[in-house]
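Load the model in your viewer and keep the sequence panel open beside it. The tour below goes stop by stop, with a selection to make at each one.

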Amino acid sequence: MLGLLNECRKLTALGKFKAEISQLVSLPKLNGVIHFGPFNCNLQRRWKKPVDSAQTRLENRTRDLRLDKLRSQLKKLSLVLKVQELILKQRGQYISVQLLSKWKNIVGINIGIGVFLRKYPHIFELYTHPVKRNLCCKVSQKMLDLIEEEIGIIKESEVETIQRLKKLLLMSTSGALHIHALWLIRRQLGLPDDFRKSVLPRYPDDFSIVFPDIITLTSNDDCLVEATVEKWREKEYREKWLSEFETKFAFPIQFPTGFKIEKGFREKLKNWQRLPYLKPYETKDVIRPRSCGGAERFEKRTVGILHELLSLTVEKMIEVERLAHFRKDFNMEINMRELLLKHPGIFYISTKANTLTVFLREAYSKGCLVEPNPIYTVRRKMLDLVLLGCRNTDQMQIFQELEDGCNEKINHELAGGSCDGDWVIPILESCDRRQFNRSVGKHNRSI
């Protein structure tokens with residue numbers, strides 16, 4: 001009897017010991033500490049290989065703060081232009097703030113409409129309607145003048161815009177493009193919104209619409225088959241005394257500040273610059289990516305097409321999403337984002353404004369275009385007006401008071417009354433008082 005009891009106790013103790021050991025083996029890591037025991041003393045922790053994908057390369061890329069800042073500013077300008085377009089479509093070119101608040105989600109404004117309008121007093125003017133007695137908004141005269149100036153410049157530069165459109169059609173493998181794809185990048189190409197009705201019918205000898213959505217090129221111009229990068233290659237060949245072997249297929253490279261050059265990267269870049277490829281306007285031969293060196297040549301040809309497409313735009317930038325509409329027409333059957341990230345010295349992708357925007361790096365210096373054009377200049381004036389914000393509003397108030405005083409004087413004279421000029425005195429006194437307060441404030445700050 002005693003022997004049976006001893007055996008039961010031994011079995012119970014052995015079972016508890018096995019349970020403790022299995023628990024330690026199944027949970028080797030507790031609170032960040034690995035518990036070693038007789039059965040896991042040789043256990044090694046295996047590290048997973050870090051994932052290398054287009055998303056990780058996008059997150060770990062070297063940032064260009066100036067281009068990112070420019071993209072954020074252009075987002076503000078696009079919101080302002082959308083609201084301005086809504087206002088100008090209304091009869092009388094004004095709209096009530098209450099009605100505009102219902103449409104703010106359509107425009108993409110995520111703050112109160114009153115707060116948004118007061119952020120840009122140089123663009124939007126708030127006033128009380130004289131009859132309806134409700135708060136209304138209209139576009140300022142400064143912004144209207146800039147809009148008219150942009151429309152006039154677009155009309156004057158129509159010949160250059162037609163040349164850009166011809167070059168895009170020459171790059172296409174079939175000599176045709178979808179009108180919807182061109183409409184998506186109309187602002188980048190300098191085309192008006194109604195270019196299908198206002199521009200294309202005036203050039204029947206150059207363009208023809210085959211289907212309701214496809215435009216084709218009917219005339220070939222041999223002087224347009226030279227890519228923009230060829231001018232840079234010729235300049236490098238003449239000024240830097242480089243050999244034709246070094247410059248014939250090369251691209252301008254400008255790495256961002258802080259870019260880390262790994263071992264062997266310079267040699268790979270040098271070989272890639274010398275690699276021959278089929279240029280955008282050359283005869284569309286059959287390209288076999290799976291042949292010897294065919295994948296690299298096919299990739300470099302896509303880089304050349306994207307470089308030429310960005311060079312033809314007004315602001316040398318375009319959204320990556322819009323490039324997908326040209327993949328089949330330009331024979332760019334490749335992962336676009338991965339290709340752009342693979343060449344940080346030629347392109348830069350910005351993730352600001354919740355969109356992927358690609359910039360042509362060589363065209364920008366310190367956040368501005370190296371060679372500005374008239375359309376870019378007037379759009380830059382609009383951007384400066386947006387960035388002005390609430391500054392210099394005192395001068396606007398003074399000018400408004402002077403204008404109201406002049407109108408009051410004219411009305412008084414037309415009514416036949418006398419004009420003694422007393423209306424100017426309170427305005428001048430207020431101006432002197434503001435200047436005195438500013439001078440006192442500056443003196444106190446200097447002390």
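A residue counts as buried when its relative accessible area is under 20%, and as exposed when that value is over 50%. The model is predicted, and the stops below should be read with that in mind.

**Whole chain**

Start with the protein chain in cartoon view, where 20 helices and 13 strands are found. Of its 447 residues, 37% count as buried. Switch on the surface: the protein chain exposes about 28,600 Å², with carbon and sulfur atoms supplying 54% of that area. Among contacts in the chain with a separation of 6 or more, 66% are between residues 24 or more positions apart.

**K316**

Select K316, in the loop between helix 15 (294-312) and strand 9 (317-319). Its phi is positive, about 55 degrees, although K316 is not a glycine. Is K316 buried or exposed? The relative accessibility of K316 is 17%, so this residue counts as buried.

**The sheet 3-5-4**

Next, select residues 94-96, 124-128 and 135-139, which are strand 3, strand 4 and strand 5. They belong to an open sheet of three strands in the order 3-5-4, paired antiparallel. Strand 3 and strand 4 are the edge strands, and each pairs on one side only. From one strand to the next, the twist averages 30 degrees.

Zoom in on strand 3 and strand 5, which run antiparallel and are joined by three bridges. I95 has C137 in strand 5 as its bridge partner. Now add helix 3, which packs on this sheet and touches strand 3, strand 4 and strand 5. The direction of helix 3 makes about 110 degrees with that of strand 5.

Before leaving, select R133 in the loop between strand 4 and strand 5. R133 is a residue other than glycine with a positive phi, near 60 degrees. R133 has a relative accessible area of 60% and is exposed.

**Helix 3 against helix 18**

Keep helix 3 (residues 65-89) and add helix 18 (residues 374-388). How do the directions of helix 3 and helix 18 relate to each other? Their axes come within 10 Å and cross at roughly 90 degrees; helix 3 and helix 18 are therefore roughly perpendicular to each other.

Show side chains for L70, Q73, L74, K76, L77, V80 and L81 in helix 3, which meet R379, R380, M382, L383, V386 and L387 in helix 18. The residues of this contact divide into nine nonpolar, one polar and three charged.

**The sheet 6-8-7**

Move to residues 176-178 and 207-211, strand 6 and strand 7, and add residues 214-217, strand 8. This is an open sheet of three strands in the order 6-8-7, with antiparallel pairing. Strand 6 and strand 7 stand at the edges with a single partner strand each, so one side of each has no neighbour in the sheet. The twist averages 30 degrees from one strand to the next.

Strand 7 and strand 8 pair in the antiparallel sense over four bridges. Within that pair, find S208, which stands opposite T216 in strand 8. Then show helix 8 (residues 158-171), which packs on the sheet and touches strand 6, strand 7 and strand 8. Its direction makes about 95 degrees with that of strand 8.

**I162 in helix 8**

Pick I162, placed in helix 8. I162 counts as buried, at 4% relative accessibility. Leaving out residues up to four places away in sequence, I162 touches V199, Y203 and F207. Draw a C-alpha to C-alpha distance from I162 to G190: 9.7 Å in space, for residues 28 apart in sequence.

**The hairpin of strand 10 and strand 11**

Finish with strand 10 (residues 347-350) and strand 11 (residues 357-360). The two strands run antiparallel and are joined by four bridges. Y348 stands opposite F359 in strand 11. In a regular strand, side chains alternate between the two faces of the sheet. Here F347 and I349 point one way from strand 10, Y348 and S350 point the other way, and all are buried.

Last, select the six residues between the strands of this hairpin. There A353 takes a positive phi near 65 degrees.

Notes:
Residues are numbered from 1 along each chain as its sequence is written. This is a predicted model: local features need pLDDT of at least 70, side-chain atom pairs count only at pLDDT 80 or more; totals for chains, interfaces and linings use all residues. Side-chain values use heavy atoms; hydrogens and water are left out. Two strands pair if DSSP finds at least two bridges between them. Axes are lines fitted to C-alpha atoms, for helices over the stretch in contact, and angles run from 0 to 180 degrees between N-to-C directions. Contact means heavy atoms within 4.5 Å. Buried means under 20% relative accessible area, exposed over 50%, partly exposed in between (1.4 Å probe, protein chains only). Angles under 35 degrees count as roughly parallel, over 145 as roughly antiparallel, 65 to 115 as roughly perpendicular and the rest as oblique. Ala, Val, Leu, Ile, Met, Phe, Trp, Tyr, Cys and Pro count as nonpolar, Asp, Glu, Lys and Arg as charged, and the others, Gly among them, as polar. Accessible areas come from the Shrake-Rupley method with a 1.4 Å probe; for residues, only the protein chains shown count as cover.
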